[in-house]
Amino acid sequence: MSIVALLDANVIWSAALRDTLLIAAERRLFRPVWTLLILEEMSRNLKAKRPDIAERIDGTVRQIVEFFP
């Protein structure tokens, strides 16, 4: 796999787009990369909009880091 894509916070903010991209990455169509700052920005913005699901957002970030280090 030679394609590497930097996924910024505005791209992974949307659950539908994030899931689609991570499924494509899981199928080795490309290798996703991001920084901890990007993940923190995404998490912070989602929590600001949906504080009721803050724990799920934290879980999503943990899974992203675990499956795509």
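Ala, Val, Leu, Ile, Met, Phe, Trp, Tyr, Cys and Pro are counted here as nonpolar, Asp, Glu, Lys and Arg as charged, and the others, Gly among them, as polar. By this scheme, the lining of the largest pocket in the predicted model comprises 5 nonpolar, 2 polar and 3 charged residues. The residues concerned are Arg18, Asp19, Leu22, Ile23, Glu26, Thr60, Gln63, Ile64, Phe67 and Phe68. Within this lining, α2 and α4 each provide at least two residues, and the largest share, 5 residues, is contributed by α2. The space in the largest pocket amounts to about 230 Å³.

The second largest pocket has a volume of about 190 Å³. Its lining is formed by Trp13, Ala15, Arg18, Leu46, Arg50, Ile53, Arg56, Ile57 and Thr60. Two or more residues of this lining are given by each of α2 and α4. Here the largest share belongs to α4, with 3 residues. In terms of residue class, the lining of the second largest pocket is made up of 5 nonpolar, 1 polar and 3 charged residues. Arg18 and Thr60 appear in the lining of the largest pocket and also in that of the second largest pocket.

The interior was examined next. The largest nonpolar core consists of 17 residues, and those with the most contacts inside it are Ile12, Trp34, Leu39, Met42 and Ile64. Two or more core residues are supplied by each of α1 (9-12), α2 (15-26), α3 (36-49) and α4 (54-67). The greatest contribution, 4 residues, is that of α3. Met42 illustrates how parts of the chain meet: when neighbours within four places in sequence are left aside, Met42 is in contact with Ala9, Ile12, Trp13, Arg18, Val61 and Ile64. Of these partners, Ile12 and Ile64 are themselves named among the core residues with the most contacts, and Ile64 also lines the largest pocket.

The helix α4 has a part in both the core and the linings of the two pockets. This helix has 14 residues and spans 20 Å from its first C-alpha to its last, close to the 20 Å expected at 1.5 Å a residue. Ile57, Gly59, Val61 and Ile64 are buried in α4, and the buried residues of this helix pack against α2 and α3. Of these buried residues, Ile57 belongs to the lining of the second largest pocket, whereas Val61 and Ile64 are contact partners of Met42.

Note on methods. Residues numbered from 1 in each chain as written. Predicted model: local features only at pLDDT ≥ 70, side-chain atom pairs only at ≥ 80, totals over all residues. Heavy atoms only, no water. Core = buried A, V, L, I, M, F, W, Y, C linked by side-chain atoms within 4.5 Å. Buried < 20%, exposed > 50% of the residue type's maximum accessible area, 1.4 Å probe, protein only. Contact = heavy atoms within 4.5 Å. 1 Å grid on protein atoms, 1.4 Å probe; cavity = no way out; pocket = protein on both sides within 12 Å on 5 of 7 lines; lining within 4 Å. Points joined across faces, edges and corners; volume = space filled by probe spheres on them. Expected span 1.5 Å × (residues − 1).
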